[in-house]
Amino acid sequence: MATRSAVSAPNFTFRQRELVNKILVTSIAMFVLITFIAPLGYMFTTALKSTDQMGDSGAPWYWPFSRKTIEYQGKDLEVYQVPLQDGIHELAILKKTTTETTFVDPQNLDAEPIVWQGNWRKLTPLHVSDPQWQNFKKAWDDLNFPLLFKNSMLIAGFGTLGAVLSAILVAYGFARFEFRGKNLLFLILIATIILPVQATLIPTYLVFAKIGWTNTLLPLIVPHFFANGYNVFLLRQYFMQIPRELDEAAMIDGANPLQVLFQVIIPQSIPAITAVSLFHFFFAWNDFFTPLVYLASSPELWPLSVGLQKFNALYGRLPNLIQTGALITLVLPVTIFFFAQRIFMQGIVFTGVEK
Amino acid sequence: MQIATQVFGIIQFIYLIISFAASFHHFVEIPEEKKMALSSQARTLSQTKSKSRSYLARSQERWGYLFLSPWIIGFLVFTLIPILGTMYFSLTNYSPVTPDQTKFLGFDNYKTMLTDAKVTKSLLVTMNYAILSIPISFIVGLGLAVLVNSKNLAGKNFFRTMFYMPFMIPVVAGALVWSGVMNTQSGWLNLMLESIGIKGPDWLNDPQWIYVALVLIGLWGLGNLMLTLLAGMQGVPTELYEAATIDGANGWHKFMQITLPMISPVIFYNMTLMLIGAFKYFDLAYVLKNGTGQPADATLFYNLNLYKNAFTYNLMGYGSALAWVLFLIVLALTILLFKTANMWVYYGGEGKS
């Protein structure tokens, strides 16, 4: 739709016009993309900023800086731009009052201090690049990242295992067998996809509380072992595309349905199973509501999502550390996404549209 | 009275399923070859002796139920019984703090809801958000899909991947990044606005602007919408465009007259998810404002109010009533959407392969 370009002069060849269009559309896309992911730039730079810089409105915004200082007689002096008769000089403040400031010249420390009449607050301070790598160490420790990471891994890992195993079985049942009530059951299954979790939450919570499962990881893992509609739907669609002749050949060789599943269907469906596993892993990894409900009073069991939120509530006044925390939390999912990018995109395409 | 309501609820639930069926078989259409294969199979089956057929059928049935059993058990234990449980609790004043004072209240909780200012507010908040976010998200998502579908775009896969990527960022981390970006002092958004001479609002503390902020943050989750629309667009047969070109249609006409109608099932699917999503909205509102619902209850989404009642104030009976109403709202919206579907959703099933 954006193919109509401003360039339509007849002396342009078709090829040239195509090139211009290509450059135009790609530049627009690049601009949109940069706007779209600019917040990540904010996160990266802020994560490395010092707390001083966060409170320093004169500091440049685009990079971690700190005030430029020099050492003079055992003290750190801040360097400012000072307008003198012979132009602007970079001088370090030795003594300051509102009307008169004494400077030393960093280039020539042994020279007489320079006295300047005027308010030093009006001067521009100088900054040097100074990324605070120790922010990572601090956020890592304060978040208790290894513990949160382990909990997230346990929840998402076991949850995915259960979800995928059960979904394979159920999807196979729907894809390959004829039985009474099959259509109705399938429709109920689809309907559960849109069911809000809150509709079942309170009784489920009360039962889990009764059997002593609240403040354990069990309520976050066990329900995954009972196949959710979304995963089943996806896998069923894929299983139905596998030619039945393959099943029949295996059955003639004496395989029972379980063997057909493991010897024919699963090996044929590795891409779909990988996609479903990845989707579910991320779904469980990012889940915030369920752990918030079930683990409210057990900080030692919090996954990253809850841990990071509580960290924010605690460190709201240190925006740089919040960004560091956010950064170390999103590194893993985003890295996995880039590596498994193809699987994801295909997975979505075959979920979202009729195929 | 209680039984009548339960029965009514179940009927509505079944109605939902049926209406889902009506449109969903379009999503799960069986390809023509497969239909032939199936019918030939059925023929072979019917040709065999009736005794062995019933054995086969019974064996099929047993295996089928066996494989389905994890889900059937899960559905009963984690869905059906709890939904009825929610109904039951909603008629009591149950609180885990004082379980021995539990009383049967009838419909008192529902009556309370009618006069509870927080409930009214939370419904308004949810609707405000839905009205603002759905059209904007849809247009931006559609725009992105058109962009990454353009034949003039170099590096299509790169752009598709990058536009999808923020979807993979955990909601909590994304919320914190954005709340930094929208900070009035150090946030890049207002610095950028300032550089072009606009004084940016206090995005997260203004009861009006907070909705714009939530919509902006929500744009990071558009990857799925973009990709499903893209896949829909790629499924449109090229002959249609060729025919339209011969008839002299321009790009805009082709988009409005061919692309949009042809991808209307995908649009419908996404609209349903977005509308229901507004009533499931929780994480962002909770993380941005630490669950307070501020400013001035502007982020008190329906679900946040429910959560606070049930888990902060321990009013589980009342919370159940809220949950049951949420369930009914989602049900009603779904039914409504499916009812309108045949007015604007085009299912041109036939010519597909």
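This passage walks through a predicted model of two chains, A and B.

A good place to start is the predictor's own confidence. For the complex, the predictor reports an ipTM of 0.84 and a pTM of 0.81. In chain B, the mean pLDDT is 82, with 83% of the residues reaching 70 or more. The elements of this chain do not score alike: helix 5 of chain B (residues 117-149) has the highest mean pLDDT, 94, and helix 1 of chain B (residues 2-24) the lowest, 42. The pLDDT stays below 50 over residues 1-31 of chain B, a stretch that nevertheless has 31 contacts in the model beyond near neighbours in sequence. Some care is welcome here, since predicted coordinates should not be read in detail where pLDDT is low.

Chain B is built with 16 helices and 0 strands. Of its 353 residues, 37% are buried. Among contacts in chain B with a separation of 6 or more, 68% join residues 24 or more positions apart. The chain is divided into domain 1, covering 35-89, and domain 2, covering 111-344. Taken over C-alpha atoms, the centres of these two domains of chain B are separated by 38 Å.

Helix 10 of chain B (residues 223-234) makes a friendly worked example. Its 12 residues should span 16 Å at 1.5 Å a residue, and because the end C-alpha atoms are 16 Å apart, the expected and modelled values agree. This helix is mostly covered, with 10 of its 12 residues buried. Among the buried residues of helix 10 are Gly223(B), Leu225(B), Met226(B), Thr228(B) and Met233(B).

Met226(B) appears again in the largest nonpolar core, which has 155 residues; Ala167(A), Val170(A), Val232(A) and Leu235(A) join Met226(B) as those with the most contacts inside this core. Helix 4 of chain A (residues 145-176) gives the most to the core, supplying 12 residues. One core residue, Val232(A), shows how the surroundings are put together: leaving aside residues up to four places away in sequence, Val232(A) touches Ala167(A), Val170(A), Ala171(A), Phe174(A), Leu189(A) and Ala227(A), as well as Trp71(B) from the other chain. There is also a second, separate core of 11 residues, which includes Leu91(A), Ala92(A), Ile93(A) and Phe103(A).

What does each chain bring to the contact between chains A and B? Chain A gives 84 residues and chain B gives 91. On the side of chain A that touches chain B, helix 1 of chain A (residues 14-47) gives the most, with 14 residues. By type, the residues on this side of chain A divide into 57 nonpolar, 20 polar and 7 charged.

Chain A, too, is divided into two parts: domain 1 (69-125) and domain 2 (144-315). The C-alpha centres of these domains of chain A lie 66 Å apart. Within strand 6 of chain A (residues 114-117) lies Trp116(A). Is Trp116(A) buried, exposed or partly exposed? With 19 other C-beta atoms within 10 Å, Trp116(A) falls short of the 20 needed to count as buried, so it is partly exposed. Not counting residues up to four places away in sequence, Trp116(A) touches Val82(A), Thr101(A) and Phe103(A). Phe103(A) has already been met as a member of the second core. Finally, Trp116(A) and Leu148(A) are 32 residues apart in sequence, while their C-alpha atoms are 55 Å apart in space.

Terms used
Residues are numbered from 1 along each chain as its sequence is written. Chains are lettered from A and ligands numbered from 1 in the order in which they are written. This is a predicted model: local features need pLDDT of at least 70, side-chain atom pairs count only at pLDDT 80 or more; totals for chains, interfaces and linings use all residues. A nonpolar core is a set of buried Ala, Val, Leu, Ile, Met, Phe, Trp, Tyr and Cys residues joined through C-beta atoms within 7 Å. Helices (H or I, at least four residues) and strands (E, at least two) are DSSP runs, numbered from the N terminus. Two residues are in contact if their C-beta atoms, placed from the backbone, lie within 7 Å. Ala, Val, Leu, Ile, Met, Phe, Trp, Tyr, Cys and Pro count as nonpolar, Asp, Glu, Lys and Arg as charged, and the others, Gly among them, as polar. Domain bounds come from an automatic or database domain assignment. The expected span of a helix is 1.5 Å times one less than its number of residues. pLDDT is the predictor's confidence in each residue, from 0 to 100.
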